[in-house]
Every structure is written in structure tokens, then in C-alpha cells.
Amino acid sequence: MNLSYWEERHYFEDNDLIVIGAGIVGLSTAIAAKSAKPNLKILVLERSSLPSGASTKNAGFACFGSVTELLSDSQHMSYHDQVALIKMRWEGLQLLQTNVPRVDMSYRSRGGVEVLDTSDSFQMSALDEITRCNTMVADAIGLKDCFSIVDQSLSTTFHNKAIYNQFEGELNPMYMMAALHKKAFNMGINLLYGMEVEAIATRAVKLSDRILNSSLIAVCTNGLSRALLPKLPMQAVRNQVYVTERLDDNPLESCYHYDQGYVYFREIDGRILIGGARNLYPQQETTSEFGQTDNLKQHLQSFVEEKILGKTIKFEYEWSGILGVGEIKTPIIKEVMDDVYVGVRLGGMGVAIGSGVGKSLADMVLS
Ligand SMILES: Cc1cc2nc3c(=O)[nH]c(=O)nc-3n(C[C@H](O)[C@H](O)[C@H](O)COP(=O)(O)OP(=O)(O)OC[C@H]3O[C@@H](n4cnc5c(N)ncnc54)[C@H](O)[C@@H]3O)c2cc1C
């Protein structure tokens with residue numbers, strides 16, 4: 001890099017905190033740290049020209065768990081841990097809305113619907129577990145009657161009863177991230193894109209052509225973290241997303257979950273967005289490489305055509321994003337070496353927990 005004295009001084013010298021990764025966690029960490037200590041000099045480094053993990057690639061569900069997902073989790077998580085996770089998701093969504101007003105991220109609270117497959121006994125069992133899940137949500141966030149059983153008329157291929165979550169919302173992830181970016185910039189946080197960190201050590205990060213020093217370092221690289229910290233107990237998985245052509249007769253009214261949330265779909269601008277199904281191709285989708293595959297695309301296309309619309313459609317947009325997941329669903333927020341902290345492993349609900357993870361990480365870094 002050919003840098004002037006001014007550039008060198010402004011961006012690279014005397015940083016108190018370097019944040020690696022400009023996703024929802026990186027920007028929330030920087031914003032929370034700067035809010036707590038306005039005199040801190042903070043630099044956010046992002047490897048790509050656009051944030052290229054999950055925060056601008058996701059489906060924009062502001063959700064905290066469908067009934068089949070909560071039931072599945074209860075098979076390997078304690079009640080206490082589940083309640084804590086729902087609380088974390090809900091509080092994260094509230095914090096997000098204090099950072100970004102609803103109107104600025106096109107937030108809509110239209111609720112969410114979980115559709116059920118009659119031939120799947122596990123999915124069908126969810127109808128008998130509404131009370132248990134409502135108790136869990138009430139214990140977590142104090143809101144009663146979150147889930148209710150409703151008639152389902154979207155498609156005869158699903159059971160005629162579905163589960164409605166009245167507290168779910170949806171948003172535009174790009175608007176959310178643009179608003180966070182603007183907020184960070186306006187607070188005086190320096191943000192540089194196209195800056196890949198190759199290695200980290202206590203008080204130093206290595207770019208391709210220089211080493212930057214900083215008193216504190218926060219690693220917010222989620223699914224891509226093991227390139228920097230190979231021992232973190234997590235792995236990268238891919239989620240593919242598709243958006244149909246515009247439909248004259250779009251039957252979707254809100255956001256929808258299917259099969260423990262592995263498949264999700266919603267209406268956007270008269271189109272249907274659908275994504276997920278990585279559980280059907282676990283080996284193929286355990287990767288940090290972006291990309292689309294014919295098998296998964298075909299599966300989601302058939303899902304839209306046969307289960308939702310009953311007619312053929314074309315996909316007009318497609319992309320993928322990378323998630324960080326682990327054996328348990330709680331994120332990793334900890335110090336990994338002296339003065340180097342991580343806030344990673346956000347799983348499939350980073351829109352919900354990202355702001356809270358950023359705040360917790362900032363608190364830990366500054367303490
Ligand atoms: C397709 C898809 C759909 C999803 N749908 C939803 C949803 O509807 N609701 C929901 O709550 N969650 C959803 N998620 C999950 C959510 O998007 C993520 O959990 C969340 O965005 C993670 O945020 P993050 O800041 O931790 O990571 P990311 O957004 O992945 O940000 C990490 C950033 O670090 C950068 N980076 C990585 N390595 C380096 C390096 N060496 N140097 C510099 N920069 C680096 C990356 O480029 C990236 O921009 C979805 C995820 C995907 C992929």
C-alpha cells in the first residue's frame with residue numbers, strides 16, 4: 001500500500017481496539033465499545049469490499065426459535081440453557097432495535113408461521129407441545145401465549161394446522177447493516193474494507209504487507225474464524241438462498257419455518273425467498289466456500305413448486321452465506337490469548353443474537 005502520512009496516522013497508528021470482521025457482531029462490538037468509552041480509537045478491518053460472511057446474506061428473519069426447533073434442542077440442552085438462549089435471542093433483537101430504528105431496516109412484525117408435514121411424526125408432535133414451549137418462552141422473556149395453533153390454508157401439502165408465533169418479525173439485512181455502518185462511521189469509528197487479516201497475536205494483527213499494533217483485538221469473523229484461530233470448537237457451514245421471479249398471486253403473508261427451521265421462506269417484494277435445507281446435504285454444505293449446487297437448488301425449487309405454489313417458477317436470484325456452528329448453540333465469547341477476544345459461532349440466528357454478542361464482547365474487552 002502506498003500510504004500518505006495522513007492516511008497512516010488516521011487509520012493505522014495508536015489504535016486502542018482493532019475489530020476484525022464488519023458483520024453484525026463486529027460493528028455492534030465497535031459501537032458498544034465506542035459508546036462506553038468515546039475516546040477509544042477503534043479500527044474495523046473487513047476482508048472484502050462488501051461484508052462477506054452472513055450478515056448481509058441472511059434471510060432477515062427476526063426470530064427466536066420455532067416449536068420443532070425448540071423441541072429438537074430440548075433433546076440435548078437443559079431447560080435452563082434453552083431459556084437462556086431464547087432470552088439472549090430476544091434481548092439481542094431489542095438491542096438491535098435501539099441501534100437501528102425499525103423503519104431504517106424495513107422491520108415488519110407480521111409474525112411467523114411454522115408449517116408441518118403430516119407424514120413426519122416429530123413435526124406433528126409439535127402440535128401437542130405448544131403449552132410447554134409457551135411456558136419456556138414466558139420463562140425466558142415474560143411474554144405469554146407466544147405460539148398458537150392456527151388453520152393453515154397456504155397449501156394442502158402441509159398439515160391443515162400450523163403454529164403461529166405472534167412475536168416474530170422480519171427485516172432487510174442490507175438496510176440493517178448499512179444503518180450499523182453509518183452509525184459506526186458517525187461515531188468516529190474507522191472502517192476499512194478490502195483488508196484481510198492474515199494472522200493475529202497479542203497486540204498485533206498481520207495484513208499482507210504490514211503489521212498493525214493495537215492494545216486490544218476483537219475477532220468477529222464467525223464462520224471463517226478457524227483460518228485465524230484453528231483451535232476454536234466450531235465449523236463453517238454454508239446456507240444457499242434463492243429468490244423467485246415476481247409472482248402475481250404470491251400466497252405468503254409472513255415468514256415461514258419448516259423442519260426445525262432448516263428450511264425457511266418468506267415473501268419479499270412480491271417474490272418468494274427460500275433457503276436452507278443444509279441438513280439434507282451435511283457433507284457438501286460443511287464448507288467455508290460460497291457456491292450453489294444443483295441438488296440443493298433443485299430440492300428448494302421443488303419445495304416452492306410442489307409444496308407452496310403448485311406450479312413451476314423460475315429463480316431469479318441466488319447466493320450463499322457462511323455460518324459458524326458448533327455442537328451447542330451458544331456463541332463463543334472469550335479471551336483466547338492476552339488481549340485478544342473472540343465473539344463467534346453465531347449459528348443460524350445471528351440477526352437475533354448478534355447485537356447482544358457484540359455488546360457482551362465489548363464489555364469483556366473493556367473490562
Ligand atoms: C443464508 C443465511 C441465512 C440466514 N438467515 C438468518 C435469519 O433469517 N435470521 C437470523 O437471525 N440469522 C440468520 N442467519 C445467521 C446470521 O446471518 C449470522 O449468524 C450472523 O450474520 C453472523 O454475524 P457475524 O457478524 O458473527 O458474522 P459475519 O456476518 O459472517 O461477519 C464476519 C465478517 O468477517 C469477515 N472476515 C472473515 N475473515 C476475515 C479476515 N481474516 N480478515 C478480515 N475480515 C474477515 C467476513 O468477510 C465477514 O464479513 C443466516 C445466515 C445465512 C448464511
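## A tour of pockets and helix packing

Sorted by class, the lining of the second largest pocket holds 10 nonpolar, 4 polar and 7 charged residues. The model you have open is a predicted one, and the tour starts at this pocket before moving on to a cavity and to three helix pairs.

**Stop 1: the second largest pocket.** Select N172, P173, I268, D269 and L273, which are the closest to the centre of the second largest pocket among the 21 residues that line it. The space in this pocket comes to about 520 Å³. Next, colour α7 (173-186), β14 (263-268), β15 (271-276) and β16 (315-325), since these are the elements that each give two or more residues to the lining of the second largest pocket. If you then colour by domain, you will find that domain 1 (5-57 + 174-234 + 328-366) and domain 2 (235-325) each contribute at least three residues to the lining of this pocket.

**Stop 2: from α7 to α2.** Keep α7 selected and add helix α2 (residues 24-36), which packs with α7 at an angle of about 30°, the two axes lying 10 Å apart. Angles under 35 degrees count as roughly parallel, and α2 and α7 are therefore roughly parallel to each other. Looking at how the two helices pass, you will see that the crossing of α2 and α7 is left-handed.

**Stop 3: from α2 to α10.** Hold α2 in view, hide α7, and select helix α10 (residues 350-366), whose axis lies 7 Å from that of α2, with an angle of about 45° between the two helices. That angle makes α2 oblique to α10. The crossing in which α2 passes α10 is right-handed.

**Stop 4: the largest cavity.** How many cavities of 30 Å³ or more does the count give? The count comes to 1 cavity, and about 40 Å³ of space lies in the largest cavity. To display its lining, select G65, S66, G112, V113, E114, F147, I163, N165, E168 and H257. Both β4 (112-115) and β6 (161-165) supply at least two residues of the lining of the largest cavity, and β4 gives the most, with 3 residues. Colouring the lining of the largest cavity by class gives 3 nonpolar, 5 polar and 2 charged residues.

**Stop 5: α4 and α6.** For the last selection, take helix α4 (residues 79-99) together with helix α6 (residues 130-141), which pack at an angle of about 60° with their axes 8 Å apart. α4 and α6 are therefore oblique to each other, and the crossing of α4 and α6 is right-handed.

Notes. Residues numbered from 1 in each chain as written. Predicted model: local features only at pLDDT ≥ 70, side-chain atom pairs only at ≥ 80, totals over all residues. Heavy atoms only, no water. 1 Å grid on protein atoms, 1.4 Å probe; cavity = no way out; pocket = protein on both sides within 12 Å on 5 of 7 lines; lining within 4 Å. Points joined across faces, edges and corners; volume = space filled by probe spheres on them. Helix = DSSP H or I, 4+ residues; strand = E, 2+ residues; numbered from the N terminus. Nonpolar A, V, L, I, M, F, W, Y, C, P; charged D, E, K, R; others polar. Domains from an automatic or database assignment. Axes fitted to C-alpha atoms, helices over the stretch in contact; angles between N-to-C directions. Parallel < 35°, antiparallel > 145°, perpendicular 65-115°, else oblique. Left-handed = near helix turned anticlockwise from the far one by under 90°.
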